[in-house]
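I opened the file and kept a running log. The entries below follow the order in which I looked things up.

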Amino acid sequence: MAESVTITDNRTGQSIEVPIVEGGVSASEWSKLLPGIWFYDPGFSTTAECESAITYIDGDAGILRYRGYPIEQLAEHSTYLEVAYLLLYGELPTAAQLGPWVDEITRHTYIHENMRKRFLDGFHYDAHPMGMLVSEVAALSTFYPEAKEIFDADLRHKQIVRLIAKMPTLAAAAHRFSVGMPFVYPDNSLTFPENFLSMMWKVAEPSFEAHPVLARAIDVLFILHADHEQNCSTTTMRVVGSAHADPYSACAAAAAALYGPRHGGANEAVLNMLTSIGTIDAVPDFVKSVKEGHGRLQGFGHRVYKNYDPRAKIVRDVAYQVFEVTGKNPLLDIALKLEEVALADEYFVSRKLYPNVDFYSGLIYQAMGFPVAIFPVLFAIPRTAGWLAHWVEMLDNKTKIARPRQLYSGSAERPYVAIGERG
Ligand code: CMC
């Protein structure tokens, strides 16, 4: 017999049998029996908002796959641009598909001169790079008004290419502005990660040569951050996209969600925590204070993973490769000790709290010279591929406009009170 649940309305004695499909039950079936009775699920922790064929996570087993491919294999063998293609089009590109795809992205890395000169120049000198990035992405919709044609296949593809291609340029432009350095134009002879590093760090040399280990580290980190199914920013992309907003406006909204410290800002919190711990000897006392309820162990725990975040393992390996080149980040020893102490402690074991992707990534970024404020920007660049893949899937599935219900808990009807009579 097919799996199902039976729901009984105890007020009337009426029952309905609802099939369990792909691990879920249809809320519209429930509504047939109980119209006007809503599921109360703040934070959507038990609601599947959509059906998706893009990313699979098994949080108990610590599994992450893009389109069926294990993240470990993609991180070892693939590139960010190949992974972006996989997320968007469902299959790894053939050699005949990859060349033109990379070429197309490479030829769309430039941004309009008005964006660079007039728009960026309007920011205050100490503007946060993530605030700038959110505004830049939103502003792109005014440069490409045809982006509103979201059901025109060619135009949709063009905006996807533009967004993936221009994110590193916008990110680097925001950074250069915030540190008072001149803008560096994209160099189309470089790979995607090399070009990003060139736009970030080039000073007076004719062309910037990124260290291959560092360029590869950036590419791997981009692969690891490219998608993570229905996280806060991706859900935002789907919600705004469901109103048929253009992809630039929807991506700007998604980036704004990512800006929040509970989401894209945790790697910054890890660095601040490690810095404040200061020495290895101080680790046990710090863990004790967390257990006593004084703050959280940043970079630990996850809503979905109840096991070691598979991305964290890869990031830790990449960290060692990067430190071979940059020298060891002195905070690494504190991080390793913290992990050792926490993973042997009953408090963390019983709550299934393991290191997540943010625990080691900030150490790498810092060792490579990235300022802490740009960490969420480094997350936004690759997550753009995931946002767009979900946006396309949402449109192709003819999703209704996102419009949840609420349980009203305010006043009952009452008459208007004139200002002189208010208490
Ligand atoms: N340190 C200490 N205790 C913790 C932590 C932590 N990092 N995370 C959860 N707990 C405890 C929490 O106090 C609670 O204990 P109790 O049952 O005794 O009240 C229990 O574990 C369950 O916690 P929760 O808050 O109900 O779990 P959640 O799924 O709502 O929160 C989380 C998930 C990621 C917000 C949380 O683990 C956290 O705050 N972690 C630190 C911040 C962090 O590293 N965030 C990055 C997430 S990965 C990147 C991304 O997806 O954007």
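**Notebook: two glutamates, then the whole chain**

Entry 1. I started in a loop: Glu 22 sits between strand S2 (14–21) and strand S3 (24–25). I note here that the model is a predicted one.

Entry 2. I checked the backbone at Glu 22. Its phi is positive, about 50 degrees, and the residue is not a glycine. For background, most residues other than glycine have a negative phi.

Entry 3. Is Glu 22 buried or exposed? I looked up the relative accessibility and found 77%. The cut-off for exposed is over 50%, so Glu 22 counts as exposed.

Entry 4. I then turned to Glu 229. This residue also is not a glycine, and its phi is positive, at about 40 degrees. I placed Glu 229 in the loop that runs between helix H9 (212–225) and helix H10 (232–242).

Entry 5. I asked how accessible Glu 229 is. Its relative accessible area is 22%. Partly exposed covers the range between under 20% and over 50%, so I logged Glu 229 as partly exposed.

Entry 6. I moved on to the whole chain. I counted 18 helices and six strands in its secondary structure. The radius of gyration is 24 Å, and the globule rule gives 22 Å for 423 residues. The two values are close, so I wrote down that the chain is as compact as a globular protein of that length.

Entry 7. I took the box along the principal axes. The C-alpha atoms fill roughly 80 × 70 × 60 Å.

Entry 8. How much of the chain is buried? I read 46% of the 423 residues. The accessible surface comes to about 21,300 Å². Carbon and sulfur atoms hold 54% of that surface.

Entry 9. I looked at contacts with a separation of 6 or more. Of these, 72% join residues that are 24 or more positions apart.

Entry 10. I tallied the charged side chains: 37 are positive and 49 are negative. The centres of the two sets lie 5 Å apart.

Entry 11. Which domains does the assignment give? I found domain 1 (4–58) and domain 2 (71–398). Over C-alpha atoms, their centres are 34 Å apart. I then listed the contact between them: domain 1 supplies ten residues and domain 2 supplies 13 residues.

Notes. Residues numbered from 1 in each chain as written. Heavy atoms only, no water. Helix = DSSP H or I, 4+ residues; strand = E, 2+ residues; numbered from the N terminus. Rg over C-alpha atoms; globule rule 2.2 N^0.38 Å. Buried < 20%, exposed > 50% of the residue type's maximum accessible area, 1.4 Å probe, protein only. Contact = heavy atoms within 4.5 Å. Areas by Shrake-Rupley, 256 points an atom, 1.4 Å probe, with all protein chains shown as cover. Lys, Arg positive; Asp, Glu negative; His and termini not counted. Charge placed at Lys NZ, Arg CZ, Asp CG, Glu CD. Domains from an automatic or database assignment.
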